[in-house]
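Visitor: I am new to this structure and should like to understand the terms by which it is described. May I ask how each one is justified?

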Amino acid sequence: MIISTTCNLAPLHNLQQHYENNGPWASWDAYKHVFEISKNQQIASFDTLASLNTFLNIQPMAHQMQTAEIVLKEMHGRAILGDEVGLGKTIEAGLILKEYIIRGLVSKALILVPASLVLQWVKELNEKFGITAIAQKKSYVWSYHNIVVGSIETAKKEPHRTFILEQDYDILIIDEAHKLKNPRTLNYQFVNQIQKKYCLLLTATPVQNDLNELIHLVNLIKPGHLQHIGQKSNVSTIKQKLQSVMIRNRRVENQDNPIKRVINNIPLQLSTEELQLYDGVCSYIREYAHLNPQNGLALITLQREVCSSRDAVFVTLVNLFQKTPENAPQRATIWTLVEKIKAITSNTKAEKTLEVIREIQDKVIIFTEYRATQQYLLHYLKQHNIQAIPYQGGMGRGKKDWMTDLFRGSAQVLVATEAGGEGINLQFCNHIINFDLPWNPMRIEQRIGRIHRYGQTKDVNVFNLITNGTIEAHIVSLLMSKIELFKDVIGELDPILTATEKSIERLALDLIQNHAYQRNRYETRTH
């Protein structure tokens with residue numbers, strides 16, 4: 001070895017001396033320490049999770065670790081995590097993300113979730129997994145941080161959209177992925193354009209109406225995998241293909257002492273005044289629905305609102321009256337219906353709700369479809385000395401957290417609109433009253449999942465209020481008859497889950513306009 005004499009640098013001179021004297025090069029003890037560190041950091045295969053000793057405040061469940069291993073080894077980082085609500089899909093996604101980071105396969109990650117869940121995701125990734133995730137607040141965050149959690153509502157809009165689509169992500173994680181079921185929506189098209197190596201879709205309800213929704217979800221992670229699948233395809237073929245892209249864990253299979261779900265369907269008879277209004281609405285729909293067939297959903301909403309509260313239907317009728325031309329024949333009919341509301345002095349469902357709450361003598365969540373009904377219930381319960389608080393969309397994250405804390409503490413009742421069906425954990429309560437039933441039973445499952453989840457120590461009681469002789473009862477019956485599709489393709493389900501091949505609104509309108517439906521309603525009432 002020859003070092004130029006023109007180079008007068010001390011380090012090079014020392015190196016020359018070490019070379020000529022054959023050392024000293026390094027301490028043997030230091031070498032052994034370095035060797036041990038290198039050996040411990042070595043990751044031979046995906047057979048075991050290398051990240052398990054790195055977690056801060058979490059001990060993953062067996063099914064969560066198994067899910068992570070399957071996604072890593074067999075699904076190659078592209079999968080639908082379809083566990084039942086409350087089994088920890090967020091934990092599974094965190095496990096997979098952490099494992100890829102440790103193995104050097106992921107450095108840039110994008111996590112898109114509903115706006116109400118952004119801070120919750122950031123908190124869990126940082127506190128449980130030691131992953132430095134940033135909540136997106138400014139548009140530049142997409143480019144300047146490696147692991148970003150943001151809302152899909154913001155991400156799809158400019159200038160955010162451009163920032164995201166210009167980048168290559170190692171992994172994309174989508175929470176509440178069932179909202180991407182329609183490929184014609186901007187959300188779906190945007191997510192499909194994002195450049196990603198790995199992709200995780202999290203949803204407890206991968207099928208809500210028909211198999212096409214499942215096909216569209218699968219196309220986001222493995223295009224064409226279910227290309228030739230249709231409604232009449234062989235069930236075993238569909239299930240086999242799904243096993244390579246979707247994992248679904250169930251509570252009954254992953255709990256030593258699974259909490260029971262007790263469903264109580266409570267049939268109710270509307271009062272005479274409520275029935276008169278309901279009959280008037282039915283007559284109005286039969287007479288005038290043909291004038292504007294595209295308005296079918298709005299007309300159905302009238303019937304649903306009558307089954308909920310006079311407050312809810314009043315708002316809709318007044319808006320309908322104002323939008324109807326003055327010379328239109330139906331204008332007078334609408335005002336007659338408004339006049340009928342004045343005769344209603346009680347609410348059948350509210351009275352039953354009060355009775356159930358007093359029998360329970362414990363915390364209760366009430367779900368309603370309508371803001372007007374929510375306000376009515378808050379006032380009604382206050383009149384009967386029951387402390388109730390609201391939870392609804394439009395509240396900021398801080399206020400929602402405040403409402404949750406109040407419910408955990410002093411309030412007995414939480415009255416929630418559909419915003420309470422996702423993103424909050426309320427397992428300190430074990431009673432739910434479905435004051436209004438949504439036509440999509442998957443939304444009922446999301447509601448129940450707020451309390452039927454890990455951490456729940458008591459059996460879960462669900463009370464469904466169903467008005468006899470109304471479209472409410474008929475639609476529930478119709479949905480329940482379609483449950484076999486979901487069970488055949490996805491697996492066994494807890495009560496009140498279903499799928500249907502035809503839109504719920506169209507089926508409902510068919511019933512409304514069918515004379516047999518009216519005859520059956522009157523027969524039910526007389527019995």
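Visitor: What makes the residues lining the second largest cavity nonpolar, polar or charged?

Guide: The classes follow residue type: Ala, Val, Leu, Ile, Met, Phe, Trp, Tyr, Cys and Pro count as nonpolar, Asp, Glu, Lys and Arg as charged, and the others, Gly among them, as polar. The lining consists of Glu274, Leu277, Val306, Ser309, Arg310, Val313, Ile344 and Asn347. Set against these classes, the lining divides into four nonpolar, two polar and two charged residues. The model is a predicted one, in which local features need pLDDT of at least 70 and side-chain atom pairs count only at pLDDT 80 or more, while totals for chains, interfaces and linings use all residues. Residues are numbered from 1 along each chain as its sequence is written, and side-chain values use heavy atoms, with hydrogens and water left out.

Visitor: Why is such a space called a cavity?

Guide: On a 1 Å grid over the protein atoms alone, a cavity is a set of points where a 1.4 Å probe fits but cannot get out, and lining residues have an atom within 4 Å of a point. Grid points are joined across faces, edges and corners, and a volume is the space filled by probe spheres set on the points. By this rule there are three cavities of 30 Å³ or more. The second largest holds about 40 Å³, and helix H12 (272-288) and helix H14 (310-323) each supply at least two residues of its lining.

Visitor: What is the volume of the largest cavity, and which residues line it?

Guide: Its volume is about 50 Å³. The lining is made up of Arg304, Glu369, Tyr370, Asp436, Leu437, Trp439 and Glu472. By class, these are three nonpolar, no polar and four charged residues.

Visitor: How do you know what counts as a helix or a strand?

Guide: Helices (H or I, at least four residues) and strands (E, at least two) are DSSP runs, numbered from the N terminus. On that basis the chain has 23 helices and 13 strands.

Visitor: What makes S8 and S10 the edge strands of their sheet?

Guide: Two strands pair if DSSP finds at least two bridges between them. The open sheet has six strands in the order S8-S13-S12-S9-S11-S10, with parallel pairing. Strand S8 (261-268) and strand S10 (388-391) each pair on one side only, and are the edge strands. Within this sheet, strand S9 (residues 364-367) and strand S11 (residues 413-416) are joined by four bridges and run parallel. Isoleucine 366 has valine 415 of S11 as its bridge partner.

Visitor: How do you know that helix H19 packs on this sheet?

Guide: Contact means heavy atoms within 4.5 Å. Helix H19 (residues 441-448) touches S8, S9, S12 and S13, and its direction makes about 150° with that of S12. Axes are lines fitted to C-alpha atoms, for helices over the stretch in contact, and angles run from 0 to 180 degrees between N-to-C directions.

Visitor: Why is H19 described as largely enclosed?

Guide: Buried means under 20% relative accessible area, exposed over 50%, and partly exposed in between (1.4 Å probe, protein chains only). Seven of the eight residues of H19 are buried, so the helix is largely enclosed by the rest of the structure. Among the buried ones are Pro441, Met442 and Ile444. Of the 527 residues of the chain, 51% count as buried.

Visitor: Is histidine 76 called buried or exposed?

Guide: Histidine 76 has 53% relative accessibility and therefore counts as exposed. Its place is in the loop between helix H3 (62-73) and S1. Its phi is near 55°, a positive value in a residue other than glycine.

Visitor: Is glutamate 176 buried or exposed?

Guide: Glutamate 176 has a relative accessible area of 11%, and is therefore buried. The residue is found in the loop between S5 and helix H9 (186-193), and its phi is also near 55°.

Visitor: What makes S3 and S7 edge strands in the sheet of seven?

Guide: The seven strands form an open sheet in the order S3-S4-S2-S5-S6-S1-S7, with parallel pairing. Strand S3 (134-135) and strand S7 (246-247) each have a single partner strand, so one side of each is left without a neighbour in the sheet. S3 and strand S4 (residues 147-151) are joined by two bridges, and these meet the pairing rule.

Technical notes
On a 1 Å grid over the protein atoms alone, a cavity is a set of points where a 1.4 Å probe fits but cannot get out, and a pocket is an open set with protein on both sides within 12 Å along at least five of seven lines; lining residues have an atom within 4 Å of a point.
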